[in-house]
Amino acid sequence: MVFNIDQAVEEIYPKAVNLRHYLHENPEESSKEFNTSKLLKQKARDLGLLVEELSPTDKTPQIDSAGTGFIATLDTGRAGKTIGLRTDIDALPILENQQNLKYDRSIISKNSGVMHACAHDGHMATVVSAMELLVSIKAQLKGKIIFIFEEGEENNTGIWPMIELLKIKNIDAIYGNHLTSFLETGKIAADAGSVTSSTARVRMFVHGRGGHASRPDKSINPIFAAANIVTNLASAWVNQLDIEKTITLGITQFQAGEARNVFPDSAYIGGTLRYFDERIGEDASNVIRNVAKNVAAAHLCTVEFPEDFGPSTPSVVNDPELSKIVQDFVESQYPNSLLKDVKWFASETFSRYRTVAPCVFVFHGISNHQIGSGAEHHNEKFDMDDNALKYSIGTMVGFAIKMLS
């Protein structure tokens with residue numbers, strides 16, 4: 001194949017940056033990506049690709065899908081493998097800070113209270129750019145490429161209908177990437193095995209009996225019970241879980257009461273667990289249940305666990321053969337860029353694509369202290385180095401060419 005990836009990426013790079021900036025300025029929350037979806041569909045149609053839309057559905061496990069996700073297919077007309085290249089399309093309900101870690105922003109959200117704080121704008125720019133480049137060399141490829149645009153990655157709304165659609169496509173491999181703030185721009189990782197953590201939801205309602213604050217003896221205060229549940233979980237974590245298995249407990253919500261002089265009827269505790277071993281996730285969920293029930297009973301309270309309590313999103317597991325393809329490409333195309341043994345304590349709906357085909361999920365660094373990028377994901381100061389797009393586009397295109405040439 002005669003195709004200079006570096007040259008092609010350099011030529012499309014300004015267009016990729018412009019698209020990324022536009023998407024960053026016009027973010028839309030999960031399952032509200034109507035304008036984003038419309039724009040991306042038009043770009044696919046302009047390239048002559050077949051667009052298949054997903055219909056709104058009320059059959060997702062947690063939240064209804066808005067039907068903003070879709071796929072676009074490049075069919076070379078020649079027999080070969082079918083691969084998927086995936087991006088997420090949603091933003092987060094975060095008010096963007098006027099500054100990143102160092103400077104005032106030149107590109108900032110125009111939709112107040114909504115922000116691309118997880119680099120999904122960069123993911124979209126990567127896939128659209130790869131789409132354009134691969135269409136340009138269609139005559140040199142064989143097989144099919146399915147470009148996957150996933151709705152609501154942040155709240156799990158789009159993954160389920162997308163999986164149902166892809167199950168009938170006979171896909172041989174699915175590639176995804178994440179632009180990550182914990183790696184420097186130009187650094188890339190694609191280890192085999194688990195690369196992101198599994199997640200379990202921590203959700204419970206502690207029920208007592210409301211009343212006037214002047215007579216605590218005539219009420220059952222759920223706040224004391226809930227507070228003691230949280231503090232007792234810390235000691236249970238040390239004493240009851242396998243110390244050789246890494247698992248984090250993040251209690252992020254404690255909600256109770258609205259008036260200063262009123263005991264509420266209930267209190268709510270929410271959070272997440274992150275881990276790489278599925279067994280430890282189940283064990284930890286059981287520990288939380290037992291601690292909560294017993295501590296609540298000591299305070300004459302009861303605990304209610306919603307149906308979605310416990311293990312939710314599994315770990316992203318990279319296929320060894322696909323990881324080797326990516327690593328070999330990176331080592332030859334971007335010397336000294338490949339990192340090994342990189343894991344991320346984040347969860348990803350990309351993990352679900354393993355039910356459709358072998359997968360590989362690649363990390364690309366976006367941290368550049370000279371321009372102020374590198375803040376944590378889901379943070380108001382999150383920003384990315386646009387130069388990272390050169391690596392993400394190049395690696396995605398390189399993988400596709402290797403699979404289909």
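The following exchange walks through aromatic pairs, cysteines and a sheet in a predicted model.

Visitor: On what basis are residues numbered and features counted?

Guide: Residues are numbered from 1 along each chain as its sequence is written, and side-chain values use heavy atoms, with hydrogens and water left out. As the model is predicted, local features need pLDDT of at least 70 and side-chain atom pairs count only at pLDDT 80 or more, whereas totals for chains, interfaces and linings use all residues.

Visitor: How many aromatic pairs does the whole structure hold, and what is the geometry of F276 with F345?

Guide: Rings of Phe, Tyr and Trp (its six-membered ring) pair if their centres lie within 6.5 Å, with planes under 30 degrees apart counted as stacked, over 60 as edge-to-face and the rest as tilted. A search of the whole structure gives 13 aromatic pairs. For F276 and F345 the centres are 5.0 Å apart and the planes stand at 75°, so this pair is edge-to-face.

Visitor: Are F276 and F345 buried or exposed?

Guide: Buried means under 20% relative accessible area and exposed over 50%, with partly exposed in between (1.4 Å probe, protein chains only). The relative accessible area of F276 is 21%, and that of F345 is 37%, so F276 is partly exposed and F345 is also partly exposed.

Visitor: Which residue lies over the face of F276?

Guide: A charge sits over a ring if NZ of Lys or CZ of Arg is within 6 Å of the ring centre and within 35 degrees of the ring normal. At 5.1 Å from the ring centre of F276, the residue over its face is K343.

Visitor: How many disulfides are there, and why is C118 not bonded to C359?

Guide: A disulfide is a pair of cysteine sulfur atoms within 2.5 Å. The cysteine sulfur closest to that of C118 belongs to C359 and is 18 Å away, which is too far for a bond. C118 is buried at 7% relative accessibility, C359 is buried at 2%, and the count of disulfides is zero.

Visitor: Which strands stand at the edges of the eight-stranded open sheet?

Guide: Strands (E, at least two residues) are DSSP runs numbered from the N terminus, and two strands pair if DSSP finds at least two bridges between them. The order is β1-β2-β4-β3-β5-β17-β6-β16, with mixed pairing. Each edge strand has a single partner, so one side of each is left without a neighbour in the sheet, and these strands are β1 (50-53) and β16.

Technical notes:
Helix = DSSP H or I, 4+ residues; strand = E, 2+ residues; numbered from the N terminus.
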